[in-house]
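I opened a new page to keep track of what I look up in this structure. I note each topic in turn.

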Amino acid sequence: MEPSTSCPAAAPLVKRPFHVLVGVTGSVAALKLPLLVSRLLDIPGLEVAVVTTERAKHFYSPQDIPVTLYSDADEWEMWKCRSDPVLHIDLRRWADLMLVAPLDANTLGKVASGICDNLLTCVIRAWDCRKPLLFCPAMNTVMWEHPITAQQVGQLKAFGYVEIPCVAKKLVCGDQGLGAMAEVGTIVDKVKEVLFWHGDSQES
Ligand SMILES: Cc1cc2nc3c(=O)[nH]c(=O)nc-3n(C[C@H](O)[C@H](O)[C@H](O)COP(=O)(O)O)c2cc1C
């Protein structure tokens with residue numbers, strides 16, 4: 001007798017990959033995007049895509065990013081008529097976790113106040129807060145120490161987003177102090193930690 005293929009109870013549970021959407025903004029720490037993506041891809045069962053701001057593009061070469069890279073032009077080129085996909089909503093639906101690394105001062109301010117004037121900030125504005133969103137601030141030390149920064153970081157944490165704190169070091173601009181993006185290893189470990197807690201919910 002042939003084995004039945006129609007009985008749902010007999011069908012194995014298929015676990016789909018866990019979808020990580022990396023957002024990258026115009027901090028010099030965006031230089032680390034290729035390393036960050038490759039370290040994330042080392043995690044078994046992970047699928048990664050990247051959303052970039054226009055300024056972030058200055059810091060890496062697209063050919064060094066081995067996953068799909070979305071930017072503002074894609075959003076507008078994709079939509080011509082009613083039946084077309086709205087990219088920022090589709091990306092929100094696709095992603096199980098969003099990681100914004102680096103998050104620069106400009107996009108931090110926009111996200112804290114709800115501004116959404118590009119693809120990345122639209123995805124974040126449309127984010128379902130029941131899904132994890134991790135952010136890695138990166139900016140000059142004096143920008144970091146400005147009182148508006150703590151207010152804005154506090155606002156993001158109040159939304160339920162998880163801060164991966166910046167670290168102190170000699171910055172590319174020559175200043176010494178807090179403001180450097182967390183090390184890639186620290187960021188990847190945090191993603192793994194979140195995966196551990198959410199990883200069982202991706203059965204389809
Ligand atoms: C070489 C260079 C490095 C920069 N690094 C940072 C940075 O580390 N953090 C930051 O907040 N802004 C930094 N900026 C400024 C941002 O690129 C600028 O605010 C830009 O408008 C950010 O746009 P976005 O948030 O849309 O990516 C840097 C600018 C330049 C030219």
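The entries below go from the whole chain to the sheet and then to the ligand.

**Entry 1: the chain.** I noted before anything else that this is a predicted model. I looked up the secondary structure of the chain and found eight helices and eight strands. I then checked the radius of gyration, which is 19 Å, close to the 17 Å that the globule rule gives for 204 residues, so the chain is as compact as a globular protein of that length. I also looked up the box filled by the C-alpha atoms, and along the principal axes it comes to roughly 75 × 40 × 35 Å.

**Entry 2: burial and contacts.** I asked what share of the 204 residues is buried. The figure is 37%. For contacts between residues at least 6 apart in sequence, I found that 73% join residues at least 24 apart.

**Entry 3: the sheet.** In which order do the six strands of the open sheet stand? I wrote down 3-2-1-4-5-6, with parallel pairing. Strand 3 (68-70) and strand 6 (162-163) are at the edges with a single partner strand each, so each has one side without a neighbour in the sheet. As background, I noted that strands of a sheet pair through backbone hydrogen bonds, either parallel or antiparallel.

**Entry 4: strand 1.** I looked at strand 1 (residues 18-24) and asked why it counts as largely enclosed by the rest of the structure. Six of its seven residues are buried, and therefore the description holds. On strand 2 (residues 46-52), I found seven bridges to strand 1, and the two run parallel. Within this pair, H19 is opposite E47 of strand 2. Strand 4 (residues 97-103) also pairs with strand 1 in the parallel sense, over four bridges. Here L21 is opposite M98 of strand 4. I added that strand 1, helix 1 (residues 33-41) and strand 2 make up a right-handed β-α-β unit.

**Entry 5: strands 5 and 6.** I checked strand 5 (residues 133-137) and found two bridges to strand 6, again in a parallel run. F135 is opposite E163 of strand 6.

**Entry 6: the ligand.** Which of the 15 residues around the ligand come nearest? I listed G26, S27, T53, D104 and A105. By type, the shell around the ligand holds seven nonpolar, six polar and two charged residues. I then asked which helix gives the most to this shell. The entry reads helix 4 (residues 105-113), with three residues.

Conventions. Residues numbered from 1 in each chain as written. Predicted model: local features only at pLDDT ≥ 70, side-chain atom pairs only at ≥ 80, totals over all residues. Near = placed C-beta within 6 Å. Nonpolar A, V, L, I, M, F, W, Y, C, P; charged D, E, K, R; others polar. Rg over C-alpha atoms; globule rule 2.2 N^0.38 Å. Buried ≥ 20, exposed ≤ 12 C-beta atoms within 10 Å, placed from the backbone. Contact = placed C-beta atoms within 7 Å. Pairing = 2+ DSSP bridges. Right-handed = clockwise from strand over helix to strand, strands pointing away.
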